[in-house]
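Good morning, colleagues. Please look at the structure on the screen, and I will take you through its helices, cores, empty spaces and backbone geometry in turn.

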Amino acid sequence: MTRGLLLSFEGGEASGKSVQARRLVASLHDRGTDVLLVREPGGTPAGERIREILLHARDVALTPEAQALLFMAARAQLVRDVVRPALARGAVVVADRYFDSTLAYQGFAGGADLDGLRELTRFAVGPTVPDRTFLLDVPVDVVVERSRARAADRPWDRFEERERAFHERLRDGYLRLAAAEPRRFVVVPGDRDEAEIAREILREVDALLATPA
Ligand code: TYD
């Protein structure tokens with residue numbers, strides 16, 4: 001049995017983090033590791049409903065503060081219903097976005113008060129903080145180009161029609177979060193071959209799994 005491990009994937013729009021989260025889950029699963037992928041917002045019935053309002057309800061105006069509260073509500077439910085029980089049985093939980101997304105999107109990029117968001121994070125997740133957070137870091141030019149290509153074949157999403165300045169604040173915010181917690185964050189340059197990135201992440205996770213709890 002592996003020890004319970006919480007890993008989160010973070011990054012801006014079209015950073016490739018979801019692809020990498022899925023690849024890691026597949027690699028661990030193939031080896032017989034008890035592994036679970038959760039996505040934010042979502043992952044519980046309440047979370048999926050909240051996701052609909054947050055992402056797809058075009059007619060619902062939401063300030064960054066209101067967005068943060070909804071993301072945190074979904075997160076509080078997910079942590080208690082899904083994440084903690086899985087960690088308790090020794091599973092590896094891979095989160096496609098977690099609380100750093102709220103700090104980066106609603107805080108650094110959206111302008112919501114960061115201290116308030118940190119308090120809210122403690123309230124929502126308590127001690128359930130990732131053992132490692134992989135930040136897929138991609139230059140803003142690449143983000144803008146990839147997002148444009150992606151938006152064409154997807155339904156409307158509140159967070160995808162953002163101007164360049166937003167993507168810049170977002171990237172800068174993520175890098176600040178990483179610099180403030182260098183032991184938790186691994187910054188992964190994301191503008192590279194997918195398979196190579198996946199190998200790098202798997203090596204890091206293997207090292208973590210080999211370390212006694
Ligand atoms: P998602 O479907 O996860 O797409 P992707 O992660 O591939 O961009 O969409 C989630 C969107 O919600 C994304 O634009 C980021 C945003 N978001 C926040 O603004 N704050 C949060 O706390 C979270 C979890 C997501």
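How far does α6 reach from its first C-alpha to its last? In this predicted model, the helix has twelve residues and spans 16 Å, close to the 16 Å expected at 1.5 Å a residue. Within α6, the buried residues are Val140, Val142, Val143, Val144 and Ser147. The cover over these buried residues of α6 includes α7.

The same pair of helices comes up again when we turn to enclosed space. A search of the whole structure finds one cavity of 30 Å³ or more, and about 110 Å³ of space lies in it. Fourteen residues line this cavity, and Gly12, Val138, Val143, His167 and Arg171 are the closest to its centre. Val143 is thus one of the buried residues of α6 and also one of those closest to the cavity centre. At least two lining residues come from each of β4 (132-137), α6 and α7, with α7 giving the most, four residues. By class, the cavity lining has seven nonpolar, four polar and three charged residues.

Let me move to the cores. In soluble globular proteins, nonpolar side chains tend to be buried together. Here the largest nonpolar core holds 29 residues, and those touching the most other members are Val93, Tyr98, Val125, Leu170, Tyr174 and Leu177. The elements that contribute two or more residues to this core are α3 (64-88), β3 (92-96), α4 (99-109), α5 (114-125) and α7 (164-180). A second, separate core has 19 residues, including Val92, Val94, Phe134 and Ile201. Returning to tyrosine 98, and leaving aside its neighbours within four places in sequence, its contacts include Leu6, Glu40, Arg75, Val79, Val125 and Pro130.

Next, the open pockets. The largest has about 830 Å³ of space. Of the 38 residues lining it, Lys17, Ser18, Arg97, Arg150 and Arg154 lie nearest its centre. Elements giving two or more residues to this lining include α1 (17-30), β2 (35-39), α2 (45-56), α6 (140-151) and α8 (194-210); α1 gives the most, with six residues. The lining comprises twelve nonpolar, ten polar and 16 charged residues.

The second largest pocket contains about 200 Å³ of space. Its lining has 13 residues, with Phe99, Leu103, Arg118, Thr121 and Glu181 closest to the centre. Here α5 gives the most, four residues, and the lining divides into six nonpolar, two polar and five charged residues.

Finally, the backbone. Most residues other than glycine have a negative phi, and most peptide bonds are trans. Which residues are joined by a cis peptide bond? They are glutamate 40 and proline 41, with omega at about -10 degrees, and proline 41 lies in the loop between β2 and α2. Glutamate 40 is also one of the contacts of tyrosine 98.

Two residues deserve a remark for their phi. Alanine 14, in the loop between β1 (5-11) and α1, has a positive phi near 55 degrees. Alanine 14 has a relative accessible area of 9%, so it counts as buried. Arginine 97, in the loop between β3 and α4, has a positive phi of about 80 degrees. Is arginine 97 buried or exposed? At 14% relative accessibility, arginine 97 counts as buried, because the cut-off for buried is under 20%. Arginine 97 is also among the residues nearest the centre of the largest pocket.

Methods
Residues numbered from 1 in each chain as written. Predicted model: local features only at pLDDT ≥ 70, side-chain atom pairs only at ≥ 80, totals over all residues. Heavy atoms only, no water. Core = buried A, V, L, I, M, F, W, Y, C linked by side-chain atoms within 4.5 Å. Buried < 20%, exposed > 50% of the residue type's maximum accessible area, 1.4 Å probe, protein only. Contact = heavy atoms within 4.5 Å. 1 Å grid on protein atoms, 1.4 Å probe; cavity = no way out; pocket = protein on both sides within 12 Å on 5 of 7 lines; lining within 4 Å. Points joined across faces, edges and corners; volume = space filled by probe spheres on them. Nonpolar A, V, L, I, M, F, W, Y, C, P; charged D, E, K, R; others polar. Expected span 1.5 Å × (residues − 1).
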